[in-house]
Amino acid sequence: MIVASVISVPQLIVFIVSVVIIAIGGVGLLTARYPVHAALFLVMTLFGVAILFIEEGAEFLAAVQVVVYAGAVVVLFLFVIMLLGVDREEIASFAGDTVRVGLAGVGVVLILAELFVVATGAWATGAHSVAGKLSSGSNIGVLARSVFTTYLLPFELTAALLVIAVVGAVILSRRMGVETTTLDSSPIESGRREVEQ
Amino acid sequence: MTIPGSWYLVVAALLFGLGTFGVLTRRNVIVMFMSVELMLNAVNLTFVTYARMLNDVGGQIAVFFVLVVAAAEVVVGLGIIVAIFRHRATVTVDDISSLKG
């Protein structure tokens, strides 16, 4: 086979192992009955993707992937799961009715078929190195030069986005009515009491 | 010789399909959220693959910004889930149907 003769064996082994890790993690996430197990399978998938990032020469993004996703996002998920105490077994996790699952499956298969056609066709015919050469130095150096020159404004905007997200999360998760104890007859409070009853 | 880029694209497509199926079929909002993260990661893998194939730094920059937006999205989304749980004591989507017409 021509393909096997050109690809170096170590890279092929790393690729196959990480694909197996990704597949086990992804399928496990879908089939896990407890949310905590799903979160741990998510970590597994994210590590597999990080390995693929390294194999493609994106070392910085692999590190960020592990630190931000596995280190922060999944911990946030686990915190919320534990805070809410929702780690109960999901009743009929696959929604029970086969019609809905079947429709979802058909839709996913259609998406996959389309993506396979795109992936095996003429998929990389664009102009090369439009935003700058990737191979002109170390990965972090090239990324930093691009972020702090060409993409400086979007980078500053992400700072604003993160501040907005933090403020929004604090406001959303604050217990409503803690400091407005005098407003007992407010519509929100009475509505909440009705719901709780 | 390195692995051809189309192999990575196929892996990313499969990962995206898994995430889509999870969003469409699971009932727990938190698990649906995790499936969305799966889809975002599949797209990130596609970006990195194209960045390598076209020798273009723009793909990796895009992944960088997707990571930031995903982190912000998770923070706000989990805040909404906590707020909903305070009101309804459930995170099953079938029970959260007040906005239904």
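These legends walk through close-ups of a predicted model of two chains, A and B.

**View 1. Where chain A meets chain B.** Here you're looking at the place where 88 residues of chain A are in contact with 72 residues of chain B. Putting the two chains together buries about 7400 Å², and carbon and sulfur atoms give 75% of that area.

**View 2. The salt bridge between the chains.** Just one salt bridge is counted between chain A and chain B. Its partners are Glu56(A) and Arg52(B), whose closest N and O atoms sit 3.0 Å apart. As for polar contacts, nine residue pairs, both members at pLDDT 80 or more, are counted between chain A and chain B.

**View 3. The side of chain A that touches chain B.** Several helices of chain A each supply at least two residues here, including helix 2 (9-31), helix 3 (35-55) and helix 5 (98-120). Which helix of chain A gives the most? That's helix 4, with eleven residues. Sort the residues on this side by type and you get 62 nonpolar, 18 polar and eight charged.

**View 4. Helix 2 of chain B, end to end.** This helix runs over residues 29-53 of chain B. At 1.5 Å a residue, its 25 residues should span 36 Å, and the end C-alpha atoms are 37 Å apart, so the two values agree.

**View 5. The two ends of helix 2 of chain B.** At the start, a side-chain oxygen of Asn28(B) reaches to within 2.9 Å of the backbone nitrogen of Ile30(B). Just after the helix, Asn55(B) takes a positive phi of about 50°.

Conventions: Residues are numbered from 1 along each chain as its sequence is written. Chains are lettered from A and ligands numbered from 1 in the order in which they are written. This is a predicted model: local features need pLDDT of at least 70, side-chain atom pairs count only at pLDDT 80 or more; totals for chains, interfaces and linings use all residues. Side-chain values use heavy atoms; hydrogens and water are left out. Contact means heavy atoms within 4.5 Å. Buried area is the accessible area (1.4 Å probe) that two parts lose on being put together, summed over both. A salt bridge is a side-chain nitrogen of Lys or Arg within 4 Å of a carboxyl oxygen of Asp or Glu. A polar contact is a pair of N or O atoms within 3.5 Å; within protein, one must be able to donate a hydrogen and the other to accept it, and residues adjacent in sequence count only if both atoms are side-chain atoms. Helices (H or I, at least four residues) and strands (E, at least two) are DSSP runs, numbered from the N terminus. Ala, Val, Leu, Ile, Met, Phe, Trp, Tyr, Cys and Pro count as nonpolar, Asp, Glu, Lys and Arg as charged, and the others, Gly among them, as polar. The expected span of a helix is 1.5 Å times one less than its number of residues.
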